[in-house]
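Got the viewer open and ready to click around? Let's take a walk through this one, a stop at a time.

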Amino acid sequence: MGRGRPDRTPQDTAPVAASQSLTLAAMLFAVSMTFIDQTIVSIAAPDIIRELGLSAVGMQWVVNAYLLSLAAFFALGGRLADVLGHKRMMLVGTVTFVLASALCGAVPSGGGAEAWLICFRAVQGLGAALMFPAALAVVVEVFPVDRRGRALALFFGVAGGLTAIGPILGGWLTSWTWRAIFWVNVPVAVVALVLTALAGIRNTPRREPVDWTGAVLVAVGMGLSVLGLQQAGAWGWGSWATWLCILGGLAVLVLFVGLELRTEHPLIKMRVFADRAFAADNAVLFFAMIAFVPVFFFASVYAQVALGQSPSEAGLYLLVFFAGFAPGSQIGGRMLDRRGARPPMLLGTAVGAVGFALWAAKITDLSLGAQWPYIVLAGAGIGLLLTPASTDAVNRSIDASYGEVTGITQTVRNYSASLGLAVLGTVLLHSTTRNVRSTLVANGVPADSAPGVADTITRSITGHGAGGQAPGGVGSALLDAVRQDFAEANGPVLYGMAAALAVAFLCALLHPGTRVTAAAAPAPEAVAGREGGGPA
């Protein structure tokens, strides 16, 4: 079918004998749990701390354990999906995830509660890492190339919306019991499993060995570096522990790449990066995710502190972003099907950068009415680029190793999100502290004690440990000023997101503009033969 991929499999040209609509619905129900769980737990944090007697640090680990495990095992999950079969690993991941969810909800009170919750949150992350690459690969396998854009636009659009719905759902369920935020996954998983059975999806395993040495190295490397980024706010960027984790993890990842280049059956076929389009897709995703995932956390805290909203109301604030994201995702998917990935990526990164910059300029106007057009614009930009970049990268998989390539793209996205949360979180912390300190001094607080008071106030309102809350212990005369200080501190964060999307725009310019079709041939820049990494 072309010099770059002589052994193109039937899945690239025709759908397998499965119901496309039922398959898409089943996979959406499965992955919905993983996206909701990224934000739902933070809303319930105060109730969990109060009932179980957890420390603030312990609660932070309850949140981080899930994301840490997710980052560490994505690459392995993608490879196992290809070797053991996409459908099989989707089922294994779903069952693992829902059992861990049920056990998180059943955590007993007492001294072992903290360890129990952290442990099974990590198992949840493992289940998600096994499930998500497999679920996405199932969708890719069932839909032909010329319809994948629209199918995955719905896939990523719904998934992105569920991230925003997490705080709303969390606030509603917590009013009954915080344990329900975990138990809600059980009926969702049952629906996903039933729909999978009805869809008639076939399992397509590949008789290949698994590079377990590579799996350990990438898990250790990702785990260590993400741990350093997660703990940078608590340990400080000047701490040796922070940099030992980050640099140590990166060193292990370098060792991993060297090993993969010499291994006959690697965990990740590094030659896929020889495809310029694939490399550009992942570069766009890396910088775009610095804005996309963190915006939900920062906007939620901003709405509660600066706007004085409840957690549920803060969720509605996030839905304004989704009002732009959802249609943007659909438009981006259709542009991908008609014109390829480059045009929607260029348009999305440009629109997103402008939207975040204009949002930043209006962030001190403490009114949703003044901000919503720019929030919608920022969401539309992310929606326009996300589906084309993700789908184009998967379409360029080597020998139809959809799970493996999905594992790569999701690892890139997860790592950049962790980087964005760490760096932008530090920016927010320092900016807020500086602003509050100036306000305290201006209102008569002695200059020598103002830094300590400002630091205490800042940590109470930036979500460290128990979620963002209005500052306690601050007189009513100062409360409005502190809220204004916090709102102003969010400006540099949003400008940072705009800058990340501007860099993503430059990366999109590097995309060759070629399309993957049922009879795609490689572009000149792709290396000829099987060593070329797929069509460009």
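Start by selecting Thr 349 and showing whatever surrounds it. Leaving aside residues up to four places away in sequence, Thr 349 touches Val 284, Leu 385, Leu 501, Ala 504 and Phe 505. Keep in mind as you look that this is a predicted model. Thr 349 sits in helix α12, which covers residues 342-362. Is Thr 349 buried or exposed? Its relative accessible area is 0%, under the 20% cut-off, so Thr 349 counts as buried.

Now turn on the polar contacts of that threonine. Where does the side chain of Thr 349 reach? One partner is the backbone oxygen of Met 345, at 2.8 Å. Another is the backbone oxygen of Leu 346, which lies 3.1 Å from a polar atom of the Thr 349 side chain.

Next, let's go to the rings. Select Phe 292, Phe 296, Phe 321, Phe 322, Phe 325, Phe 356 and Trp 359 together: ring pairs link these residues into a cluster. Across the structure, the count comes to 16 aromatic pairs. One of them is Trp 237 with Trp 243, whose ring centres are 5.7 Å apart. Why does this pair count as tilted? The planes meet at 50 degrees, which falls between the 30 degrees that limits stacked pairs and the 60 above which pairs are edge-to-face, so the pair is tilted. While you have the two selected, check their surfaces: Trp 237 has a relative accessibility of 25% and is partly exposed, and Trp 243, at 37%, is partly exposed as well.

Keep Trp 359 from the ring cluster selected, because Trp 359 also belongs to the lining of the largest cavity. Add the rest of that lining: Val 295, Phe 298, Ala 299, Tyr 302, Tyr 317, Ile 363, Asn 490, Val 493, Leu 494 and Met 497. The elements giving two or more residues to this lining are α10 (276-305) and α16 (476-509). How much space lies in the largest cavity? About 60 Å³. In total there are 3 cavities of 30 Å³ or more.

Stay on helix α16 for a moment and pick out Ala 481, which is found there. Ala 481 is partly exposed, with a relative accessibility of 26%. Now add Thr 439 and draw a distance between the two C-alpha atoms: they are 7.1 Å apart, although 42 residues separate Ala 481 and Thr 439 along the chain.

On to an open space. The second largest pocket has a volume of about 350 Å³. Its lining has 14 residues, and the closest to the pocket centre are Met 222, Leu 253, Val 257, Thr 411 and Val 412. Colour α8 (212-235), α9 (240-262) and α14 (402-442) to see the elements that give two or more residues to that lining.

Last stop: the cysteines. How many disulfides does a search of the whole structure find? The search finds 0. Select Cys 119 to see an example: the nearest cysteine sulfur, that of Cys 104, is 8.6 Å away, and Cys 119 is in no disulfide. Cys 119 is partly exposed, at 42% relative accessibility. Then jump to Cys 245, which is buried, with a relative accessible area of 11%.

Conventions
Residues are numbered from 1 along each chain as its sequence is written. This is a predicted model: local features need pLDDT of at least 70, side-chain atom pairs count only at pLDDT 80 or more; totals for chains, interfaces and linings use all residues. Side-chain values use heavy atoms; hydrogens and water are left out. A disulfide is a pair of cysteine sulfur atoms within 2.5 Å. Buried means under 20% relative accessible area, exposed over 50%, partly exposed in between (1.4 Å probe, protein chains only). Rings of Phe, Tyr and Trp (its six-membered ring) pair if their centres lie within 6.5 Å; planes under 30 degrees apart count as stacked, over 60 as edge-to-face and the rest as tilted. Helices (H or I, at least four residues) and strands (E, at least two) are DSSP runs, numbered from the N terminus. A polar contact is a pair of N or O atoms within 3.5 Å; within protein, one must be able to donate a hydrogen and the other to accept it, and residues adjacent in sequence count only if both atoms are side-chain atoms. Contact means heavy atoms within 4.5 Å. On a 1 Å grid over the protein atoms alone, a cavity is a set of points where a 1.4 Å probe fits but cannot get out, and a pocket is an open set with protein on both sides within 12 Å along at least five of seven lines; lining residues have an atom within 4 Å of a point. Grid points are joined across faces, edges and corners, and a volume is the space filled by probe spheres set on the points.
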